[in-house]
Amino acid sequence: MLKHLWMTEDEQELIVKGLYDWRNALEPDCLLRPELEELILKVIDAPAKKSFFKRRFT
């Protein structure tokens, strides 16, 4: 079963930065590296929602 995770733009940015840092800390020949790159792309392509405050005050 597929599940969709809705994140704000700020949350997406933080997750992508953390995944990039993790990927860069790995050895270049690590087997986990391609899976991390795929996950980074999925997070970037995930639909973003407006944060609670942006919905209320803009």
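**Close-up views of a predicted three-helix, two-strand chain**

**Figure 1. The outward face of helix α1 in the predicted model.** The exposed residues L14, D21 and A25 sit on the face of α1 that is turned away from its buried side. The model is a predicted one.

**Figure 2. The buried side of helix α1.** Q12, V16, L19 and R23 are the buried residues of α1. Because they cover an arc of only 65° around the axis, these residues are on the same side of α1. An α-helix has 3.6 residues a turn, so residues three or four places apart point the same way. The packing partners of the buried residues of α1 are β1 (7–8), α2 (33–45) and β2 (48–49).

**Figure 3. The length of helix α1.** Helix α1 comprises 17 residues, residues 9–25. At 1.5 Å a residue, α1 should span 24 Å, and its end C-alpha atoms are 24 Å apart, so the expected span and the model agree.

**Figure 4. P34 of helix α2 and R23 of helix α1.** P34 is part of helix α2, while R23 belongs to the buried residues of α1. A relative accessible area of 48% makes P34 partly exposed; the upper limit of that class is 50%. Along the chain, P34 and R23 are eleven residues apart, and a distance of 9.1 Å separates their C-alpha atoms.

**Figure 5. The largest pocket and its lining.** The volume of the largest pocket is about 190 Å³. Its lining consists of L2, K3, H4, L5, M7, L39, K42, V43, A46 and P47. Helix α2 contributes three residues, the largest share of this lining. Rolling a probe the size of a water molecule over the atoms shows where empty space is left.

**Figure 6. The whole chain, as context for the close-up views.** Three helices and two strands form the secondary structure of the chain, and their order along the sequence is β-α-α-β-α. Of the 58 residues in the chain, 21% are buried. Among contacts in the chain with a separation of 6 or more, 62% are between residues 24 or more positions apart. The exposed area of the chain is about 5,200 Å², of which carbon and sulfur atoms supply 60%.

Key:
Residues are numbered from 1 along each chain as its sequence is written. This is a predicted model: local features need pLDDT of at least 70, side-chain atom pairs count only at pLDDT 80 or more; totals for chains, interfaces and linings use all residues. Side-chain values use heavy atoms; hydrogens and water are left out. Helices (H or I, at least four residues) and strands (E, at least two) are DSSP runs, numbered from the N terminus. The expected span of a helix is 1.5 Å times one less than its number of residues. Buried means under 20% relative accessible area, exposed over 50%, partly exposed in between (1.4 Å probe, protein chains only). The arc is that of the directions from the helix axis to the C-beta atoms. Contact means heavy atoms within 4.5 Å. Accessible areas come from the Shrake-Rupley method with a 1.4 Å probe; for residues, only the protein chains shown count as cover. On a 1 Å grid over the protein atoms alone, a cavity is a set of points where a 1.4 Å probe fits but cannot get out, and a pocket is an open set with protein on both sides within 12 Å along at least five of seven lines; lining residues have an atom within 4 Å of a point. Grid points are joined across faces, edges and corners, and a volume is the space filled by probe spheres set on the points.
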